[in-house]
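Below are some notes on the model you sent, set out as numbered points. They take the sheet, the helices that pack on it and the salt bridges in turn.

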Amino acid sequence: MKFTKMTKPQEVQREWHVIDAEGKTFGRLVTEIATLLRGKHKPNYTPHVDCGDYVVVINASKVKVSGAKENKEYHRHTGYFGGVKSEKLAELRQKNPEKLFKLATRGMLPKTKLGRAMLKKLKVYPGSEHPHTAQVKGN
């Protein structure tokens with residue numbers, strides 16, 4: 001009789017991935033990021049354990065968007081009557097690319113405590129400088 005190996009949280013080996021977003025398509029990049037955060041690229045993936053890696057995205061403000069998605073709007077509600085606030089993707093990319101990447105990636109992760117823990121491992125920087133050079137092995 002064979003059993004499936006379930007990874008325990010203390011057995012997870014985390015790595016750091018640096019992704020340069022310059023010139024890459026936004027949607028395809030975000031799906032790649034979500035896969036790395038979730039840990040689905042690993043052979044010991046376990047759905048109920050956070051076995052994903054850390055992801056550092058640099059040059060986030062230079063990402064490409066295909067088609068007419070520059071006008072796509074992200075909505076949020078303040079909690080008050082008539083409190084719907086909208087921001088266009090183009091504005092978010094220039095003003096706050098970290099928020100743009102987190103919003104898009106959050107939609108591809110579980111909507112639970114597990115998904116929130118995974119999203120905390122995403123670090124986004126608009127330029128090419130980041131403070132995680134000590135953790136990344138390739139630098």
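1. The model is predicted, and the points below should be read with that in mind. Helix α1 is a convenient place to start. Its buried residues are Phe 26, Leu 29, Val 30, Ile 33, Ala 34, Leu 36, Leu 37 and Arg 38. An arginine, Arg 38, is thus listed among the buried residues of α1.

2. The length of α1 can be checked. The helix has 13 residues, 26-38, and at 1.5 Å a residue these should span 18 Å. The C-alpha atoms at its ends are 18 Å apart, so the model agrees with the expected value. Just after α1, Gly 39 has a positive phi of about 90°.

3. What do the buried residues of α1 pack against? The strands in question are β1 (16-20), β2 (54-58), β3 (73-77) and β5 (122-124), and the helices are α3 (97-106) and α4 (113-119).

4. The sheet is open and has 3 strands in the order β1-β2-β5, with parallel pairing. β1 and β5 are the edge strands, each pairing on one side only. From one strand to the next, the twist averages 15°.

5. The pairing of β1 with β2 is parallel and is made by 5 bridges. Within it, Ile 19 stands opposite Val 57 of β2. The connection from β1 to β2 passes through α1, and this β-α-β crossover is right-handed.

6. On the other side of the sheet order, β2 and β5 are joined by 3 bridges, again in the parallel sense. Here Val 56 has Lys 123 of β5 as its bridge partner. As for burial, β2 is mostly covered, with 4 of its 5 residues buried.

7. Two helices are placed relative to the sheet. α1 lies across β1, β2 and β5 and runs at about 175° to β1. α3 also packs on the sheet, where it touches β2 and β5, and its direction makes about 150° with that of β5.

8. The whole structure contains 8 salt bridges. In one of them, Lys 121 pairs with Asp 50, and the closest N and O atoms are 2.5 Å apart. Lys 121 sits in the loop between α4 and β5, and Asp 50 in the loop between α1 and β2, so the pair ties together parts that are 71 residues apart in sequence. Both Lys 121 and Asp 50 are buried.

9. A second salt bridge joins Lys 99 to Glu 87, with 3.0 Å between the closest N and O atoms. This pair links distant parts of the chain, Lys 99 being in helix α3 and Glu 87 in strand β4 (residues 84-88), 12 residues apart. Are the two partners buried or partly exposed? Lys 99 counts as partly exposed because its relative accessibility is 27%, whereas Glu 87, with a relative accessible area of 15%, is buried.

10. Within α3, the side chains of Lys 102 and Glu 98 meet in a salt bridge at 3.9 Å, N to O. The two residues are 4 apart in that helix, about one turn. Lys 102 is partly exposed at 23% relative accessible area, and Glu 98 is partly exposed at 36%. Glu 87, Lys 95 and Lys 99 are joined into one network by salt bridges that share partners.

Conventions
Residues are numbered from 1 along each chain as its sequence is written. This is a predicted model: local features need pLDDT of at least 70, side-chain atom pairs count only at pLDDT 80 or more; totals for chains, interfaces and linings use all residues. Side-chain values use heavy atoms; hydrogens and water are left out. The expected span of a helix is 1.5 Å times one less than its number of residues. Buried means under 20% relative accessible area, exposed over 50%, partly exposed in between (1.4 Å probe, protein chains only). Contact means heavy atoms within 4.5 Å. Two strands pair if DSSP finds at least two bridges between them. Axes are lines fitted to C-alpha atoms, for helices over the stretch in contact, and angles run from 0 to 180 degrees between N-to-C directions. A crossover is right-handed if, with the strands pointing away from the viewer, the path from the first strand over the helix to the second runs clockwise. A salt bridge is a side-chain nitrogen of Lys or Arg within 4 Å of a carboxyl oxygen of Asp or Glu.
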